[in-house]
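Thanks for coming, everyone. I would like to walk you through one structure this morning, starting with a few backbone details and then moving inward to the charged pairs, the core and the rings.

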Amino acid sequence: MAIEIKFLGAARSVTGSCHLVRVGEHTLLLDCGQIQGSHLDEELNRVPLPVGRVDAVVLSHAHIDHSGRLPLLRKQGFHGPIYTHRASRDLCDIMLRDAAYLHEKDAEWQNKKRHRKGLASVTPLYTRDDAQAVLGQFAPLEYGVRQRILPGVEVRLRNAGHILGAAIVELWLEDAGRTVKLVFSGDLGYAGALLLDPPTPIDEADVLLMESTYGDRDHRPFDATLRELESIIRGATDAGGNILIPAFAVGRTQDLLYLLAEHYDAWKLERWQIYLDSPMAIETTELYWRYRDLQRNGLFREGRSPRLANVIASQTTEDSMRINETRSGAIVIAGSGMCNGGRILQHLKHNLWRPECHVVLVGFQAQGTLGRRLVDGAEHVRLWHETIKVMAQIHTVGGLSAHADRTGLLGWYGAFKKRPPVCLVHGEPTAQQALAAGLKEKFGAEVRIPARGESAVL
Ligand code: ZN
(Lines give C-alpha, C1' and ligand atoms only; values in the text may rest on other atoms or scores of the structure.)
Protein backbone atom coordinates (compact mmCIF):
# COMPACT_ATOMS: atom_id res chain seq x y z
CA MET A 1 0.00 0.00 0.00
CA ALA A 2 1.22 3.46 -0.75
CA ILE A 3 0.17 7.07 -0.48
CA GLU A 4 -1.06 8.43 -3.78
CA ILE A 5 -2.56 11.67 -5.13
CA LYS A 6 -4.62 11.80 -8.27
CA PHE A 7 -5.41 15.14 -9.92
CA LEU A 8 -9.01 15.05 -11.09
CA GLY A 9 -9.74 18.74 -11.73
CA ALA A 10 -8.30 22.26 -11.80
CA ALA A 11 -5.25 20.63 -13.37
CA ARG A 12 -3.84 23.02 -16.00
CA SER A 13 -7.10 24.97 -15.61
CA VAL A 14 -8.80 27.02 -12.92
CA THR A 15 -12.16 25.35 -12.33
CA GLY A 16 -13.43 21.97 -11.12
CA SER A 17 -10.92 21.70 -8.25
CA CYS A 18 -10.76 18.05 -7.12
CA HIS A 19 -7.84 15.88 -5.97
CA LEU A 20 -8.02 12.35 -4.69
CA VAL A 21 -5.70 11.19 -1.90
CA ARG A 22 -5.34 7.47 -1.25
CA VAL A 23 -3.76 6.35 2.00
CA GLY A 24 -3.63 2.60 2.46
CA GLU A 25 -7.21 1.48 2.08
CA HIS A 26 -8.75 4.88 2.58
CA THR A 27 -9.73 7.49 0.03
CA LEU A 28 -10.10 11.18 0.66
CA LEU A 29 -11.10 13.96 -1.73
CA LEU A 30 -9.68 17.46 -1.51
CA ASP A 31 -12.45 19.69 -2.92
CA CYS A 32 -15.18 18.59 -5.30
CA GLY A 33 -15.72 21.63 -7.48
CA GLN A 34 -17.81 22.39 -10.48
CA ILE A 35 -16.26 22.82 -13.91
CA GLN A 36 -17.18 26.28 -15.19
CA GLY A 37 -16.83 27.95 -18.58
CA SER A 38 -18.60 27.35 -21.87
CA HIS A 39 -21.74 25.23 -22.05
CA LEU A 40 -19.65 22.35 -23.41
CA ASP A 41 -17.18 22.57 -20.52
CA GLU A 42 -20.04 22.56 -18.04
CA GLU A 43 -21.56 19.42 -19.57
CA LEU A 44 -18.44 17.62 -18.25
CA ASN A 45 -19.93 17.96 -14.76
CA ARG A 46 -22.42 15.27 -15.74
CA VAL A 47 -19.66 12.70 -16.17
CA PRO A 48 -19.40 10.72 -12.88
CA LEU A 49 -16.18 11.36 -10.96
CA PRO A 50 -13.76 8.44 -11.37
CA VAL A 51 -13.29 8.00 -7.63
CA GLY A 52 -14.60 4.61 -6.51
CA ARG A 53 -15.44 4.54 -2.82
CA VAL A 54 -14.73 7.83 -0.99
CA ASP A 55 -14.43 7.89 2.82
CA ALA A 56 -14.32 11.64 3.42
CA VAL A 57 -14.00 15.02 1.72
CA VAL A 58 -11.97 17.99 2.92
CA LEU A 59 -13.24 21.21 1.36
CA SER A 60 -10.88 24.20 1.19
CA HIS A 61 -13.56 26.87 0.69
CA ALA A 62 -17.09 27.54 -0.49
CA HIS A 63 -16.57 28.86 -4.03
CA ILE A 64 -18.59 26.76 -6.47
CA ASP A 65 -15.51 25.78 -8.49
CA HIS A 66 -14.36 24.01 -5.29
CA SER A 67 -17.67 22.83 -3.80
CA GLY A 68 -20.14 22.64 -6.69
CA ARG A 69 -19.97 18.92 -7.43
CA LEU A 70 -20.62 17.81 -3.84
CA PRO A 71 -24.35 17.23 -4.51
CA LEU A 72 -23.34 15.06 -7.48
CA LEU A 73 -20.88 13.10 -5.36
CA ARG A 74 -23.72 12.37 -2.97
CA LYS A 75 -25.88 11.23 -5.87
CA GLN A 76 -22.99 8.95 -6.82
CA GLY A 77 -23.38 7.27 -3.43
CA PHE A 78 -21.08 9.27 -1.10
CA HIS A 79 -22.66 9.69 2.34
CA GLY A 80 -19.51 10.34 4.39
CA PRO A 81 -18.37 13.49 6.19
CA ILE A 82 -17.33 16.72 4.44
CA TYR A 83 -14.81 18.53 6.64
CA THR A 84 -14.55 22.28 6.19
CA HIS A 85 -14.36 25.47 8.21
CA ARG A 86 -17.67 26.33 9.90
CA ALA A 87 -17.96 29.61 7.96
CA SER A 88 -17.48 27.68 4.69
CA ARG A 89 -20.32 25.38 5.71
CA ASP A 90 -22.61 28.39 6.17
CA LEU A 91 -21.45 29.93 2.90
CA CYS A 92 -22.05 26.62 1.09
CA ASP A 93 -25.57 26.69 2.44
CA ILE A 94 -26.10 29.91 0.47
CA MET A 95 -24.00 29.07 -2.57
CA LEU A 96 -24.99 25.46 -3.26
CA ARG A 97 -28.68 26.34 -2.97
CA ASP A 98 -28.14 29.25 -5.36
CA ALA A 99 -26.18 27.07 -7.82
CA ALA A 100 -28.92 24.43 -7.69
CA TYR A 101 -31.57 27.06 -8.36
CA LEU A 102 -29.63 28.20 -11.44
CA HIS A 103 -29.34 24.57 -12.64
CA GLU A 104 -33.11 24.14 -12.23
CA LYS A 105 -33.79 27.37 -14.15
CA ASP A 106 -31.34 26.38 -16.88
CA ALA A 107 -32.98 22.96 -17.38
CA GLU A 108 -36.41 24.60 -17.45
CA TRP A 109 -35.27 27.03 -20.15
CA GLN A 110 -33.60 24.30 -22.21
CA ASN A 111 -36.64 22.06 -21.95
CA LYS A 112 -38.95 24.76 -23.28
CA LYS A 113 -36.83 24.87 -26.43
CA ARG A 114 -36.35 21.09 -26.58
CA HIS A 115 -40.05 20.35 -26.32
CA ARG A 116 -40.79 22.64 -29.26
CA LYS A 117 -38.26 20.59 -31.26
CA GLY A 118 -39.80 17.31 -30.10
CA LEU A 119 -36.69 16.40 -28.07
CA ALA A 120 -36.65 14.62 -24.71
CA SER A 121 -36.32 16.64 -21.48
CA VAL A 122 -33.02 17.23 -19.72
CA THR A 123 -32.75 17.10 -15.93
CA PRO A 124 -31.00 19.81 -13.90
CA LEU A 125 -27.40 19.00 -12.94
CA TYR A 126 -28.76 18.95 -9.39
CA THR A 127 -31.71 20.41 -7.55
CA ARG A 128 -32.14 22.46 -4.37
CA ASP A 129 -33.22 19.22 -2.64
CA ASP A 130 -29.92 17.58 -3.66
CA ALA A 131 -28.01 20.60 -2.31
CA GLN A 132 -29.97 20.56 0.94
CA ALA A 133 -29.27 16.85 1.40
CA VAL A 134 -25.49 17.16 1.01
CA LEU A 135 -25.36 20.03 3.51
CA GLY A 136 -26.32 17.49 6.16
CA GLN A 137 -22.95 15.75 5.61
CA PHE A 138 -20.87 18.81 6.50
CA ALA A 139 -18.64 18.48 9.57
CA PRO A 140 -17.52 21.99 10.59
CA LEU A 141 -13.94 22.59 11.79
CA GLU A 142 -12.04 25.53 13.29
CA TYR A 143 -8.73 26.96 12.10
CA GLY A 144 -5.66 25.65 13.88
CA VAL A 145 -7.04 22.45 15.42
CA ARG A 146 -5.37 19.19 14.39
CA GLN A 147 -7.68 16.19 14.39
CA ARG A 148 -7.91 12.63 13.11
CA ILE A 149 -10.58 12.21 10.43
CA LEU A 150 -9.78 8.71 9.15
CA PRO A 151 -7.45 5.92 10.26
CA GLY A 152 -4.01 7.24 9.25
CA VAL A 153 -5.26 10.73 8.32
CA GLU A 154 -5.08 13.90 10.43
CA VAL A 155 -6.12 17.34 9.23
CA ARG A 156 -5.63 20.95 10.31
CA LEU A 157 -7.09 24.01 8.58
CA ARG A 158 -5.23 27.32 8.47
CA ASN A 159 -6.51 30.72 7.33
CA ALA A 160 -6.06 31.16 3.57
CA GLY A 161 -7.30 34.78 3.49
CA HIS A 162 -9.15 34.24 0.20
CA ILE A 163 -12.83 34.46 1.19
CA LEU A 164 -14.58 33.98 4.51
CA GLY A 165 -13.75 30.53 5.90
CA ALA A 166 -11.21 29.71 3.17
CA ALA A 167 -8.56 27.29 4.39
CA ILE A 168 -5.14 25.96 3.64
CA VAL A 169 -5.36 22.22 4.36
CA GLU A 170 -2.54 20.47 6.23
CA LEU A 171 -2.75 16.67 6.10
CA TRP A 172 -0.67 14.11 7.96
CA LEU A 173 -0.89 10.82 6.09
CA GLU A 174 0.34 7.68 7.80
CA ASP A 175 1.01 4.42 6.04
CA ALA A 176 3.16 1.41 6.90
CA GLY A 177 4.85 3.19 9.78
CA ARG A 178 5.79 6.42 8.01
CA THR A 179 4.05 9.80 7.98
CA VAL A 180 3.95 12.15 5.01
CA LYS A 181 2.77 15.73 5.42
CA LEU A 182 0.81 17.03 2.46
CA VAL A 183 -0.19 20.70 2.30
CA PHE A 184 -2.94 21.87 -0.06
CA SER A 185 -2.98 25.66 -0.43
CA GLY A 186 -6.60 25.87 -1.61
CA ASP A 187 -7.01 29.39 -3.04
CA LEU A 188 -4.64 31.83 -1.35
CA GLY A 189 -5.73 35.38 -0.60
CA TYR A 190 -4.08 38.66 -1.45
CA ALA A 191 -1.88 39.99 1.34
CA GLY A 192 -3.35 43.45 0.74
CA ALA A 193 -6.96 42.23 1.14
CA LEU A 194 -9.27 44.58 2.99
CA LEU A 195 -11.21 42.32 5.32
CA LEU A 196 -9.24 39.11 5.80
CA ASP A 197 -5.85 38.36 7.27
CA PRO A 198 -3.15 37.33 4.80
CA PRO A 199 -2.64 33.58 4.21
CA THR A 200 -0.97 31.89 7.19
CA PRO A 201 2.64 31.00 6.38
CA ILE A 202 3.32 27.26 6.79
CA ASP A 203 6.89 26.13 7.34
CA GLU A 204 6.70 22.38 6.99
CA ALA A 205 5.57 20.04 4.23
CA ASP A 206 6.83 16.93 2.47
CA VAL A 207 4.70 17.67 -0.59
CA LEU A 208 2.80 20.79 -1.58
CA LEU A 209 -0.24 21.24 -3.83
CA MET A 210 -0.34 24.92 -4.64
CA GLU A 211 -2.66 27.20 -6.58
CA SER A 212 -1.17 29.32 -9.38
CA THR A 213 -4.01 31.53 -10.65
CA TYR A 214 -1.90 34.72 -10.85
CA GLY A 215 1.47 33.00 -11.13
CA ASP A 216 2.52 35.30 -13.95
CA ARG A 217 1.54 38.77 -12.67
CA ASP A 218 1.29 41.17 -9.78
CA HIS A 219 -1.79 43.18 -8.87
CA ARG A 220 -1.90 46.93 -9.26
CA PRO A 221 -1.12 48.86 -6.08
CA PHE A 222 -4.15 49.35 -3.88
CA ASP A 223 -3.66 53.13 -3.59
CA ALA A 224 -4.28 53.48 -7.31
CA THR A 225 -7.59 51.64 -6.92
CA LEU A 226 -8.68 53.99 -4.15
CA ARG A 227 -7.79 57.09 -6.15
CA GLU A 228 -9.64 55.72 -9.15
CA LEU A 229 -12.82 55.00 -7.18
CA GLU A 230 -12.74 58.43 -5.64
CA SER A 231 -12.40 60.16 -8.99
CA ILE A 232 -15.26 58.10 -10.46
CA ILE A 233 -17.57 59.03 -7.60
CA ARG A 234 -16.56 62.69 -7.87
CA GLY A 235 -17.16 62.66 -11.63
CA ALA A 236 -20.55 61.02 -11.26
CA THR A 237 -21.55 63.50 -8.56
CA ASP A 238 -20.78 66.42 -10.87
CA ALA A 239 -22.47 64.83 -13.89
CA GLY A 240 -25.58 63.83 -11.91
CA GLY A 241 -25.77 60.21 -13.03
CA ASN A 242 -25.84 56.77 -11.47
CA ILE A 243 -22.98 54.36 -10.78
CA LEU A 244 -23.42 50.66 -11.52
CA ILE A 245 -21.03 48.16 -9.97
CA PRO A 246 -21.44 44.59 -11.21
CA ALA A 247 -20.00 42.54 -8.36
CA PHE A 248 -19.65 38.98 -7.12
CA ALA A 249 -21.85 38.29 -4.10
CA VAL A 250 -19.11 36.71 -2.00
CA GLY A 251 -16.06 38.74 -1.05
CA ARG A 252 -15.98 41.53 -3.63
CA THR A 253 -19.33 42.98 -2.52
CA GLN A 254 -18.25 43.05 1.14
CA ASP A 255 -14.93 44.66 0.16
CA LEU A 256 -16.85 47.39 -1.68
CA LEU A 257 -19.21 48.00 1.22
CA TYR A 258 -16.26 48.24 3.54
CA LEU A 259 -14.52 50.74 1.25
CA LEU A 260 -17.65 52.85 0.94
CA ALA A 261 -18.00 52.91 4.74
CA GLU A 262 -14.32 53.68 5.27
CA HIS A 263 -14.32 56.60 2.83
CA TYR A 264 -17.85 57.77 3.49
CA ASP A 265 -16.92 61.35 4.43
CA ALA A 266 -14.02 61.80 2.04
CA TRP A 267 -16.07 60.64 -0.92
CA LYS A 268 -19.14 62.60 0.24
CA LEU A 269 -21.34 59.55 0.06
CA GLU A 270 -24.12 61.02 2.19
CA ARG A 271 -25.72 62.37 -0.97
CA TRP A 272 -25.89 58.91 -2.58
CA GLN A 273 -28.28 56.00 -2.12
CA ILE A 274 -26.32 52.76 -2.14
CA TYR A 275 -28.35 49.77 -3.30
CA LEU A 276 -27.26 46.25 -2.50
CA ASP A 277 -29.39 44.64 -5.17
CA SER A 278 -28.87 40.89 -4.73
CA PRO A 279 -30.52 38.55 -2.21
CA MET A 280 -27.42 36.35 -2.25
CA ALA A 281 -25.11 39.30 -1.58
CA ILE A 282 -27.39 40.47 1.24
CA GLU A 283 -27.35 37.01 2.83
CA THR A 284 -23.58 36.71 2.41
CA THR A 285 -22.99 40.17 3.87
CA GLU A 286 -24.97 39.13 6.96
CA LEU A 287 -22.73 36.07 7.24
CA TYR A 288 -19.59 38.24 6.99
CA TRP A 289 -21.07 40.33 9.79
CA ARG A 290 -21.77 37.22 11.90
CA TYR A 291 -18.19 36.00 11.41
CA ARG A 292 -16.55 39.39 11.95
CA ASP A 293 -14.20 37.79 14.51
CA LEU A 294 -12.46 36.08 11.57
CA GLN A 295 -11.72 39.41 9.87
CA ARG A 296 -9.13 42.03 10.52
CA ASN A 297 -11.49 44.85 9.58
CA GLY A 298 -14.86 43.87 11.00
CA LEU A 299 -17.39 44.91 8.40
CA PHE A 300 -19.86 47.45 9.84
CA ARG A 301 -17.75 47.44 12.98
CA GLU A 302 -19.16 49.40 15.85
CA GLY A 303 -19.07 53.08 15.08
CA ARG A 304 -19.13 52.47 11.37
CA SER A 305 -22.59 51.06 10.94
CA PRO A 306 -24.43 54.42 11.22
CA ARG A 307 -22.46 55.66 8.23
CA LEU A 308 -24.00 52.94 6.14
CA ALA A 309 -27.52 54.13 6.87
CA ASN A 310 -27.95 54.85 3.19
CA VAL A 311 -27.29 51.28 2.10
CA ILE A 312 -30.58 49.83 0.95
CA ALA A 313 -30.91 46.05 0.73
CA SER A 314 -33.07 45.30 -2.26
CA GLN A 315 -34.63 41.86 -1.81
CA THR A 316 -37.45 41.39 -4.28
CA THR A 317 -37.60 41.83 -8.05
CA GLU A 318 -40.03 44.71 -7.47
CA ASP A 319 -37.50 46.43 -5.18
CA SER A 320 -34.92 45.99 -7.90
CA MET A 321 -37.16 47.37 -10.66
CA ARG A 322 -37.97 50.42 -8.55
CA ILE A 323 -34.29 51.43 -8.57
CA ASN A 324 -34.65 52.09 -12.30
CA GLU A 325 -36.83 55.10 -11.57
CA THR A 326 -33.80 56.83 -10.03
CA ARG A 327 -32.10 59.02 -12.62
CA SER A 328 -29.24 60.18 -10.46
CA GLY A 329 -27.53 59.63 -7.12
CA ALA A 330 -27.76 55.82 -7.02
CA ILE A 331 -24.82 53.47 -6.55
CA VAL A 332 -26.08 50.03 -7.50
CA ILE A 333 -24.14 46.91 -6.54
CA ALA A 334 -25.71 43.94 -8.32
CA GLY A 335 -24.68 40.65 -9.85
CA SER A 336 -23.56 39.02 -11.87
CA GLY A 337 -19.99 40.22 -11.66
CA MET A 338 -19.34 39.65 -15.38
CA CYS A 339 -22.79 40.92 -16.49
CA ASN A 340 -23.65 37.55 -18.02
CA GLY A 341 -26.98 37.43 -16.19
CA GLY A 342 -28.68 38.64 -13.05
CA ARG A 343 -30.20 41.92 -11.96
CA ILE A 344 -27.37 44.09 -13.26
CA LEU A 345 -28.71 43.62 -16.82
CA GLN A 346 -31.88 45.56 -16.06
CA HIS A 347 -29.82 48.42 -14.62
CA LEU A 348 -27.49 48.40 -17.61
CA LYS A 349 -30.49 48.71 -19.89
CA HIS A 350 -31.64 51.83 -18.06
CA ASN A 351 -28.25 53.51 -17.65
CA LEU A 352 -25.81 52.35 -20.29
CA TRP A 353 -27.06 54.80 -22.93
CA ARG A 354 -26.72 57.82 -20.61
CA PRO A 355 -23.35 59.65 -20.78
CA GLU A 356 -23.68 60.91 -17.19
CA CYS A 357 -23.67 57.33 -15.85
CA HIS A 358 -20.72 55.13 -14.90
CA VAL A 359 -20.12 51.38 -14.91
CA VAL A 360 -17.33 50.18 -12.63
CA LEU A 361 -16.01 46.69 -13.31
CA VAL A 362 -14.15 45.42 -10.25
CA GLY A 363 -13.33 41.85 -11.19
CA PHE A 364 -11.94 39.62 -13.88
CA GLN A 365 -14.12 39.67 -17.04
CA ALA A 366 -13.98 36.41 -18.98
CA GLN A 367 -13.98 36.17 -22.75
CA GLY A 368 -17.51 36.03 -24.16
CA THR A 369 -19.22 37.91 -21.32
CA LEU A 370 -21.04 41.24 -21.60
CA GLY A 371 -18.63 42.66 -19.02
CA ARG A 372 -15.72 41.83 -21.28
CA ARG A 373 -17.39 43.50 -24.27
CA LEU A 374 -17.81 46.66 -22.20
CA VAL A 375 -14.17 46.56 -21.09
CA ASP A 376 -13.14 46.08 -24.72
CA GLY A 377 -14.96 49.27 -25.69
CA ALA A 378 -18.10 47.98 -27.44
CA GLU A 379 -20.13 50.87 -28.88
CA HIS A 380 -23.41 48.95 -28.81
CA VAL A 381 -24.58 45.92 -26.84
CA ARG A 382 -27.64 43.70 -27.20
CA LEU A 383 -29.92 43.24 -24.22
CA TRP A 384 -33.14 41.24 -24.61
CA HIS A 385 -33.16 41.68 -28.40
CA GLU A 386 -32.69 45.42 -28.03
CA THR A 387 -29.64 47.35 -29.17
CA ILE A 388 -28.31 49.75 -26.54
CA LYS A 389 -25.74 52.41 -27.33
CA VAL A 390 -22.93 52.52 -24.81
CA MET A 391 -22.63 56.16 -23.75
CA ALA A 392 -21.90 55.62 -20.05
CA GLN A 393 -18.29 55.73 -18.90
CA ILE A 394 -16.81 52.29 -18.40
CA HIS A 395 -14.08 51.84 -15.79
CA THR A 396 -12.00 48.80 -14.95
CA VAL A 397 -10.77 48.96 -11.39
CA GLY A 398 -8.18 46.38 -10.36
CA GLY A 399 -6.71 45.91 -6.92
CA LEU A 400 -9.68 44.18 -5.27
CA SER A 401 -8.55 40.66 -6.13
CA ALA A 402 -9.28 37.74 -3.80
CA HIS A 403 -6.18 35.89 -5.03
CA ALA A 404 -2.52 36.19 -4.13
CA ASP A 405 -0.45 37.65 -6.94
CA ARG A 406 2.90 36.30 -8.15
CA THR A 407 4.87 38.03 -5.41
CA GLY A 408 2.39 36.72 -2.82
CA LEU A 409 2.59 33.13 -4.09
CA LEU A 410 6.39 33.13 -4.17
CA GLY A 411 6.51 34.70 -0.72
CA TRP A 412 4.15 32.11 0.74
CA TYR A 413 6.25 29.27 -0.66
CA GLY A 414 9.34 30.94 0.76
CA ALA A 415 8.11 30.22 4.31
CA PHE A 416 8.57 26.45 3.85
CA LYS A 417 11.90 25.61 5.43
CA LYS A 418 12.86 22.55 3.43
CA ARG A 419 11.63 23.70 -0.03
CA PRO A 420 9.19 20.82 -0.57
CA PRO A 421 8.41 19.55 -4.07
CA VAL A 422 5.39 21.35 -5.53
CA CYS A 423 2.53 20.26 -7.75
CA LEU A 424 0.97 23.38 -9.27
CA VAL A 425 -2.80 23.30 -9.68
CA HIS A 426 -5.60 25.84 -10.25
CA GLY A 427 -4.02 27.95 -12.99
CA GLU A 428 -3.93 28.47 -16.74
CA PRO A 429 -0.80 26.94 -18.32
CA THR A 430 0.96 30.27 -18.98
CA ALA A 431 0.54 31.37 -15.36
CA GLN A 432 1.69 27.95 -14.15
CA GLN A 433 4.81 27.89 -16.29
CA ALA A 434 5.77 31.37 -15.18
CA LEU A 435 5.31 30.47 -11.51
CA ALA A 436 7.18 27.18 -11.94
CA ALA A 437 10.12 29.09 -13.43
CA GLY A 438 10.04 31.54 -10.51
CA LEU A 439 9.95 28.76 -7.90
CA LYS A 440 12.85 26.94 -9.52
CA GLU A 441 14.95 30.05 -9.95
CA LYS A 442 14.32 31.59 -6.54
CA PHE A 443 14.19 28.48 -4.35
CA GLY A 444 15.51 25.61 -6.46
CA ALA A 445 12.12 23.96 -5.96
CA GLU A 446 11.18 20.77 -7.77
CA VAL A 447 7.98 21.69 -9.63
CA ARG A 448 5.47 19.58 -11.47
CA ILE A 449 2.40 20.75 -13.42
CA PRO A 450 0.14 17.70 -13.48
CA ALA A 451 -2.50 17.20 -16.17
CA ARG A 452 -6.01 16.00 -15.34
CA GLY A 453 -6.04 12.29 -14.57
CA GLU A 454 -2.32 12.11 -13.68
CA SER A 455 -1.21 10.83 -10.32
CA ALA A 456 1.79 11.04 -8.02
CA VAL A 457 3.01 8.42 -5.56
CA LEU A 458 4.42 9.87 -2.34
ZN1 ZN B 1 -11.86 30.52 -4.68
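The helices and strands I will name are DSSP runs, numbered from the N terminus, where a helix is H or I over at least four residues and a strand is E over at least two. Please keep in mind that this is a predicted model, in which local features need pLDDT of at least 70 and side-chain atom pairs count only at pLDDT 80 or more, while totals for chains, interfaces and linings use all residues. Residues are numbered from 1 along each chain as its sequence is written, and side-chain values use heavy atoms, with hydrogens and water left out.

Let me begin with the backbone. Most residues other than glycine have a negative phi, and most peptide bonds are trans. Arg-12, in the loop between β1 (3-9) and β2 (18-23), has a positive phi near 60°. Arg-12 is partly exposed, with a relative accessible area of 40%; on this scale buried means under 20%, exposed over 50% and partly exposed in between, using a 1.4 Å probe and protein chains only. Arg-419, which sits in the loop between α12 and β20, also has a positive phi, of about 50°, and at 32% relative accessibility Arg-419 counts as partly exposed. The peptide bond from Gly-335 to Ser-336 is cis, with omega near 5°, and Ser-336 belongs to the loop between β15 and α10.

That brings us to helix α10, residues 344-351, where we find His-347. Is His-347 buried or exposed? His-347 is buried, with a relative accessible area of 0%. Leaving aside residues up to four places away in sequence, His-347 touches Leu-244, Asp-277, Ser-320, Ile-323, Asn-324, Val-332 and Ala-334, where contact means heavy atoms within 4.5 Å. With one of these, Asp-277, the side chain of His-347 makes a side-chain polar contact at 2.6 Å; a polar contact here is a pair of N or O atoms within 3.5 Å, one able to donate a hydrogen and the other to accept it, and residues adjacent in sequence count only if both atoms are side-chain atoms.

Asp-277 has a charged partner too, since Arg-343 forms a salt bridge with Asp-277, the closest N and O atoms being 2.6 Å apart. This pair links distant parts of the chain, with Arg-343 in the loop between β15 (330-334) and α10 and Asp-277 in the loop between β13 (273-276) and α8 (279-290), 66 residues apart. Both Arg-343 and Asp-277 are buried. A salt bridge, for our purposes, is a side-chain nitrogen of Lys or Arg within 4 Å of a carboxyl oxygen of Asp or Glu, and the whole structure contains 28 of them.

Another of these joins Asp-203 and Lys-417, whose closest N and O atoms are 3.5 Å apart. Asp-203 lies in the loop between β10 (178-184) and β11 (207-211) and Lys-417 in the loop between α12 (406-414) and β20 (422-425), so the pair ties together parts that are 214 residues apart in sequence. Asp-203 is partly exposed at 34% relative accessibility, whereas Lys-417 is exposed at 61%. There is also a salt-bridge network that links Arg-89, Asp-90, Asp-93, Arg-97, Glu-283 and Arg-290.

Now to the interior. The largest nonpolar core has 93 residues, and those with the most contacts inside it are Leu-29 and Leu-439. Helix α4 (residues 86-116) gives the most to this core, with 8 residues. Domain 1 (3-217 + 402-457) and domain 2 (222-400) both contribute residues, so the core lies between them; the domain bounds come from an automatic or database domain assignment. A nonpolar core is a set of buried Ala, Val, Leu, Ile, Met, Phe, Trp, Tyr and Cys residues joined through side-chain atoms within 4.5 Å.

Finally, the aromatic rings. Rings of Phe, Tyr and Trp (its six-membered ring) pair if their centres lie within 6.5 Å, with planes under 30 degrees apart counted as stacked, over 60 as edge-to-face and the rest as tilted. By this rule there are 3 aromatic pairs. Trp-412 and Phe-416 pair edge-to-face, at 5.3 Å centre to centre and 85° between the planes, and both residues are buried. Tyr-413 and Phe-416 form a tilted pair, at 6.0 Å and 40°. Ring pairs link Trp-412, Tyr-413, Phe-416 and Phe-443 into a cluster.
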